[in-house]
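Student: Hi, I have a model open and would like to talk it through. Could you help me find my way around?

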Number of protein chains: 4
Amino acid sequence: MKDLIIAVIGAGSSYTPEIVEGFVQQREIIPVTKLIFMDINSDRLETIASFCRRFMRHLGHEIPIQTTTELSAAVSGANFIVTEIRVGGNQQRVLDEKIPLKYGVIGQETTGPGGMFKAFRTIPVMLNLAHEVEKLNPDAWIINYTNPTGLVTEAICKYSNAKIVGLCSGGYFPRDAVSKYLGVPKGEIFYDYFGLNHLNFAYNFTIHGRPLTDAEFDMVADHVHGGLVEKEIIKNMRLIPSPYLQYYYHHDRLVREYKEKGITRGEYVQALEKEVFAAYADPAEETKPEALKKRGGGGYSEIALDVIDAIHNNRSRPLIVNTSNQGTLRFLPNDAAIEVQCLVNASGISPIQLHDTPAGVWGLVAAVKNYEQLAVEAAVKGDRNLALQALYAHPLVGQSEIANPLLDEMLEANQRFIPQFYSH
Amino acid sequence: MKDLIIAVIGAGSSYTPEIVEGFVQQREIIPVTKLIFMDINSDRLETIASFCRRFMRHLGHEIPIQTTTELSAAVSGANFIVTEIRVGGNQQRVLDEKIPLKYGVIGQETTGPGGMFKAFRTIPVMLNLAHEVEKLNPDAWIINYTNPTGLVTEAICKYSNAKIVGLCSGGYFPRDAVSKYLGVPKGEIFYDYFGLNHLNFAYNFTIHGRPLTDAEFDMVADHVHGGLVEKEIIKNMRLIPSPYLQYYYHHDRLVREYKEKGITRGEYVQALEKEVFAAYADPAEETKPEALKKRGGGGYSEIALDVIDAIHNNRSRPLIVNTSNQGTLRFLPNDAAIEVQCLVNASGISPIQLHDTPAGVWGLVAAVKNYEQLAVEAAVKGDRNLALQALYAHPLVGQSEIANPLLDEMLEANQRFIPQFYSH
Amino acid sequence: MKDLIIAVIGAGSSYTPEIVEGFVQQREIIPVTKLIFMDINSDRLETIASFCRRFMRHLGHEIPIQTTTELSAAVSGANFIVTEIRVGGNQQRVLDEKIPLKYGVIGQETTGPGGMFKAFRTIPVMLNLAHEVEKLNPDAWIINYTNPTGLVTEAICKYSNAKIVGLCSGGYFPRDAVSKYLGVPKGEIFYDYFGLNHLNFAYNFTIHGRPLTDAEFDMVADHVHGGLVEKEIIKNMRLIPSPYLQYYYHHDRLVREYKEKGITRGEYVQALEKEVFAAYADPAEETKPEALKKRGGGGYSEIALDVIDAIHNNRSRPLIVNTSNQGTLRFLPNDAAIEVQCLVNASGISPIQLHDTPAGVWGLVAAVKNYEQLAVEAAVKGDRNLALQALYAHPLVGQSEIANPLLDEMLEANQRFIPQFYSH
Amino acid sequence: MKDLIIAVIGAGSSYTPEIVEGFVQQREIIPVTKLIFMDINSDRLETIASFCRRFMRHLGHEIPIQTTTELSAAVSGANFIVTEIRVGGNQQRVLDEKIPLKYGVIGQETTGPGGMFKAFRTIPVMLNLAHEVEKLNPDAWIINYTNPTGLVTEAICKYSNAKIVGLCSGGYFPRDAVSKYLGVPKGEIFYDYFGLNHLNFAYNFTIHGRPLTDAEFDMVADHVHGGLVEKEIIKNMRLIPSPYLQYYYHHDRLVREYKEKGITRGEYVQALEKEVFAAYADPAEETKPEALKKRGGGGYSEIALDVIDAIHNNRSRPLIVNTSNQGTLRFLPNDAAIEVQCLVNASGISPIQLHDTPAGVWGLVAAVKNYEQLAVEAAVKGDRNLALQALYAHPLVGQSEIANPLLDEMLEANQRFIPQFYSH
């Protein structure tokens, strides 16, 4: 029997047990023979590893776990390298969320200036990882969950030769919504899906090849994402947008609400994670703690397991992932990372042509991709002028009076984590 | 000697004497044998025609002027049909400027929701004109000054077979700035220029083939457009933007300033035009009144004369005009109207390839073009849903909480001039 | 249980029993409830139908067969309409093979002038069928085996709205060769495949994601297609071409050999078919006659069954079929039919992006597609000038001294079957 | 007064006096202050230089001529570097013409295998020149007449940063034919022109913007190029092809005629050049010798003078030249050299968009460009396999039985001039 070794980079994440649970559940299809957990925080690493061992024993299928704080040790022997790092931790995330609000701009982990600074902190670390993979283990696949996954994927595709696929569970949201609100098996539902990570749209829905009726579409529109994007927009465009589109279509309202709320998502998660980690650390705990449900990201591992299945077993599966455009969306550069349905198998990731491109939203996708390309270049070069251009290009910023002071404050707040901007 | 007949549609405009002056000055190159003035306002028409006759006598070269209120009479015999109409007049313009401000959005004649409603009022009238030209005089050229010239040009290219070129003096701004601030003859200055009407960028400047030095570029950047777009942006990007980019890069500040100012540009122009028309109506007045200088638009006729020269005399001239994209800007649809340098001669208008496309602004151009395409379709179909999509697509609106009430108020305020939205 | 009805148009073909055998073998996956056999030759139709009933009884699974000579009766109730017609029969095929040889051009069923005249005879009949499907049964899929399948598919995509997919077993040849000569399971083999029907190339071979070594590729090259295309060419280009490429890379040699041989493939098949049909007509015969093996086309039905499985069961499968380009091969027009790997499911046929395009053969593909587009237009319009242009565009003709007399002789020889060329 | 220095590389060519004559005639527009003549053959160099001095004295305007056999001396000080070299001389040309005929393929200086070997001999020499220009004089323009100009231009654009424009008088042929046969001034004639050097087509003709009538087009078609391409083809396609298309549309007939004729064009030119050089060497000769008229290439210098005028005087002129595609012809790679109308001025060469692309010939252009790209790469790398692929890709070869022995014989016959193929 052939070895199948999975490395998890940033394994000290509270999400790790869910990935482990996925491997246990899918053991017939994805027979993992060893897990390598790597994290720079050895305390969290050991807490999570110990819990995962108890959890697997409880589930009745134990996969050996090796822990390490050395990147090279982790990446050199694995078939798949799952990355879920968070440079600067939730502390920096909270700043990403809070600083933009001061300037009337949404503060969010991946959308807007917060996402740009997350990219600034993360891209150099991920590029270093990619170069290690290139050097030590070039056949391995990087299964990237590290956010902002679109920018990270684009940076690695442009600046390394490592194999990477960028994941997000968002590609399944439209399927799951149609299934839930129309009572249709998931496997019968297909749709065109186009755009970027957290900036995408699903349309041309079919159930076993039959287009949805207007009434069916409206039924889904009435409920999808709990109304985060208002249903009239969805019905008007006949597209199901990513829930992150709320930050565009309802920007100023959300800025007001976030300011009023005071506590940010990051702060809430910080508190929750204390609770979750306390549970993980409890030697008596051998199942997922209750608090984890409030954490969000359920079903988080599904797309990773599907991708690993498709590659490891060379099963050709159409899956929605982030990869290089290469002419698929003709209004974007060839080297842009996009999130579309791709055929995935052992030979790699190949985008599948869309039936058509929706008339109402390609300009927004282009505008955000322009921002993303500038942000990736700024992240790699540590160039403040490019960072400023990225903010000018971002549809949620775009203005000098906002971009300049916002950039200055965020650069300073991130100084410790973005040495590339301070080494000239 | 062959006849050369120019029709001016909307000839009751205060700009008409400047066009006439241009024909007088260029009479050696463009030997106009008759002018046909058409306007639906016969009073203004006769005032302007009488003044122009006195003005030409004063200038020492009298071209016969025929006046008419019948469109078909005007278009049927002309070689060139210059259009400069303003449906709804300055009264509606003032509403275009004022209503958006209430919602925190710039109120402007051509940029943003104001421009969209100007398009809604204007496109059906211009399409009717184009169909008359197709029917009665298909070899004639429509020389369109009617704003928003990009949207009007795109609508006519899509929905008629009339020959049209969309003009704006903005294409000469970068040349004139380089010439003025560096003391270089205009004819030695070339640059790439790309984008849409009122949303364009000039770059790759050369003087007799030699690229501008950084110091030279900065000298121009320090003065161009009187700082309407702040010079740091210009220097960072190394592009000279259209002055209309101020509405993007300084949006919220201008909204505040416009609100504080109280009086809009349209109101100012209304007052000024009273003064100008009083002068025109004075039988003793035979030169351009002083007040006209305050009106703006000096040099307004230069590009029209250059285009007519290039076509009439079959002189191949590279001129910056609005025409159909047809693959020139690869990130935009083929049927998008764009504003780029084209070769103009009797055979038509052919875009000239750019040396490259600037990395920082293509996304904004795409976003605004997406808005424009939706707005053109909404204008032709009178479809409120498309109008709403257009506002969602516009980078200066984009939000449901703004778009919906703004649209409702503007539709009502324009009801009399947009029957296509009320006839379903 | 839901009905699944398959119509076979041109069911009097000697291939029909193989399709029937396929449905019997795949009955668990494709549970056909009725077969409708349609042919304009009622004798052959009844012979085949009777044999198929005996054959199915012998195989132990009897699907009811309905016979008809009415197209509308056949297409109105079926879920899938398998077309395998041959307008003009093998008599005309023999002329397609013989006439070009006189002019030093290969005579072949689908390649060169023979294929063009087959298209001229076939496209009007197939377009009529497509229009019937559009009118009577627009949700049905046309599963087209009718040759030249690329030209037929392009004509139907351009001139009707019927759903069609163009099939050829050639897409499996490279897989089968790698499997056979390297002893690898077929399911582990992937490759890029690009081009047109009978003018395609496979490359970038992988076995479970691992690229073939040079030695492995050379081993395949040494044997594939029995050397019809010489192995040095295959090794030099590192592409496996369709065997039809022999008509290009060895054209003059084959013309000489075909002339020497005297008897054409069509004549051989005619003789063989007499034998086969005699066997079919024998009431005692209930298995496939020996002579059929010599007929070729074994495995003929595999791709049809795979496509029907993928659509009927909404299983997303990557299959090599003919469909509309829509930007997949950027050097060909969007409306060109191409033969590439597509994702096939109930929602339709979506081309999958290639990893790259081989540097050595895109020009040949473009040249033949240019011929094909002209030939399709000539077939639809019955325009001799376009037919002549098609021959000029064809890399195997290209010359006036050949094209003109060849076209005249072939037009005359086909007069009875190409009324569109004689009705002006 | 500013210096304007022209270097002529390969100045020992019999064409040089015509270029000199052009500079004398255009001295008001192009005030050349010095000519630098460079040739590796010092005898021919001095003969030509002496004749040119006498010729200029006779013409009444003497430009100083400096002679040199050093490339670096020639290129370092010039504003424009006119290249007209012939590596291997007419001796090798005769082999290019004769060897292919043995294999039934046209033998021609620029078309087919002859042109490929000319490229193999020439590209390394021209690339060396380009690298010298890059190093010593990067602002200078290479005005390339060296054939095959399309392949040379593509090689230099791909493998150096020197400024180059590839010239051929063929772009003026359609204009001159329309002017001559319809009696219209040249300046009133415009047309779309697309393709490659010696493989191009003119269409969409207008006279002062008015499309040619069918009768007018047919009148031109009846006479253009003296029937080298038969007029029925021209009328059918409504395109005026380059006369070199005769080698495609009448290939086999011309092979027969050339074989019968025995003496090749190269041999004729060799004999003629002896006569011409004898005249040049005669100290009494001070005008162009009679024999030169038989040499062909009259009007040879017109396009060079137009290009130098457009660049030196920064006059924007639309001129047909060879330059990099960059998206102009969408069915060809971006880095392909193409021959189209470009705007030429001091800022460089910018292709102008065509109104449309003719339906009948893009595939042939693609096929030949595919050959050209392979040939350029083979020339630079000295790779026999690529040379073979180039012949497979060439529509006039394409076959293994021809390509292999032909390639072997031509490689051997050129051995002395293609060291890159023999140094591995």
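Student: Let me start with one residue: is A:Arg384 buried, exposed or partly exposed?

Tutor: Keep in mind that this is a predicted model. A:Arg384 has 15 other C-beta atoms within 10 Å, and because buried takes 20 or more and exposed 12 or fewer, A:Arg384 counts as partly exposed.

Student: And which helix is A:Arg384 in?

Tutor: A:Arg384 sits in helix α16 of chain A. In space, A:Arg384 is 8.8 Å from A:Leu411, C-alpha to C-alpha, with their positions 27 residues apart in sequence.

Student: Let's move to the chains. How many residues does each side bring to the contact of chain A with chain B?

Tutor: Chain A brings 32 residues and chain B brings 32 residues. On the chain A side, the elements giving two or more residues are α9 (231-237), α10 (246-249), α11 (251-261), α15 (362-381), α16 (384-393) and α17 (400-413).

Student: Which of those gives the largest share?

Tutor: That is α15(A), with nine residues of the side that touches chain B. By class, this side of chain A has 16 nonpolar, 11 polar and five charged residues.

Student: What about chain C and chain D, how many residues are in contact there?

Tutor: There, 32 residues of chain C meet 32 residues of chain D. On the chain C side, at least two residues each come from α9 (231-237), α10 (246-249), α11 (251-261), α15 (362-381), α16 (384-393) and α17 (400-413). The largest share is that of α15(C), at nine residues. The chain C side that touches chain D divides into 16 nonpolar, 11 polar and five charged residues.

Student: How far apart are the nearest C-alpha atoms of chain B and chain C?

Tutor: They are 13 Å apart, and chain B and chain C do not touch. Chain A and chain D have no contact either, with their closest C-alpha atoms 13 Å apart.

Student: Back inside chain A, then. What domains does the assignment give?

Tutor: The domain assignment gives domain 1 (5-90 + 105-167) and domain 2 (368-421) of chain A. Their C-alpha centres lie 26 Å apart. The contact between them takes 18 residues from domain 1 and 17 residues from domain 2.

Student: Which elements of domain 1 supply at least two residues to that contact?

Tutor: On the domain 1 side, α5 and α6 of chain A each supply at least two residues. The most comes from α5(A), with eight residues. The domain 1 side that touches domain 2 holds 13 nonpolar, three polar and two charged residues.

Student: How do α5(A) and α6(A) cross?

Tutor: The axes of α5 (residues 113-136) and α6 (residues 149-159) of chain A come within 9 Å and cross at roughly 40°, so α5(A) and α6(A) are oblique to each other. The crossing of α5(A) with α6(A) is right-handed.

Student: Which residues make the contact?

Tutor: From α5(A) come A:Ala119, A:Thr122, A:Ile123, A:Met126, A:Leu127 and A:Ala130, and from α6(A) come A:Leu151, A:Val152, A:Ala155, A:Ile156 and A:Tyr159. That makes 10 nonpolar, one polar and no charged residues in the contact of α5(A) with α6(A).

Student: Over to chain B. At what angle do α4(B) and α17(B) pack?

Tutor: Helix α4 (residues 89-102) and helix α17 (residues 400-413) of chain B pack at about 160°, with their axes 10 Å apart. That is why α4(B) is roughly antiparallel to α17(B). The contact involves B:Leu95, B:Ile99 and B:Pro100 of α4(B), together with B:Leu406, B:Glu409, B:Met410 and B:Ala413 of α17(B). This contact of α4(B) with α17(B) has six nonpolar, no polar and one charged residues.

Student: One last stop, chain C: how many of the residues of α14(C) are buried?

Tutor: Eight of its 11 residues are buried, and α14(C) is mostly covered. Among them are C:Ile303, C:Val307 and C:Ile311. The buried residues of α14(C) pack against α1, β4, β5 (141-144), β6 (163-166), β11 (317-324) and β12 (337-345) of chain C.

Student: And what covers the buried residues of α1(C)?

Tutor: The cover includes β1 (5-9), α2 (42-59), β4 (80-83) and α14 (302-312) of chain C. The buried residues of α1(C) include C:Ile19, C:Val20 and C:Phe23.

Definitions and conventions. Residues are numbered from 1 along each chain as its sequence is written. Chains are lettered from A and ligands numbered from 1 in the order in which they are written. This is a predicted model: local features need pLDDT of at least 70, side-chain atom pairs count only at pLDDT 80 or more; totals for chains, interfaces and linings use all residues. Helices (H or I, at least four residues) and strands (E, at least two) are DSSP runs, numbered from the N terminus. Two residues are in contact if their C-beta atoms, placed from the backbone, lie within 7 Å. Ala, Val, Leu, Ile, Met, Phe, Trp, Tyr, Cys and Pro count as nonpolar, Asp, Glu, Lys and Arg as charged, and the others, Gly among them, as polar. Axes are lines fitted to C-alpha atoms, for helices over the stretch in contact, and angles run from 0 to 180 degrees between N-to-C directions. Angles under 35 degrees count as roughly parallel, over 145 as roughly antiparallel, 65 to 115 as roughly perpendicular and the rest as oblique. A crossing is left-handed if the near helix is turned anticlockwise from the far one by less than a right angle, and right-handed if clockwise. Domain bounds come from an automatic or database domain assignment.
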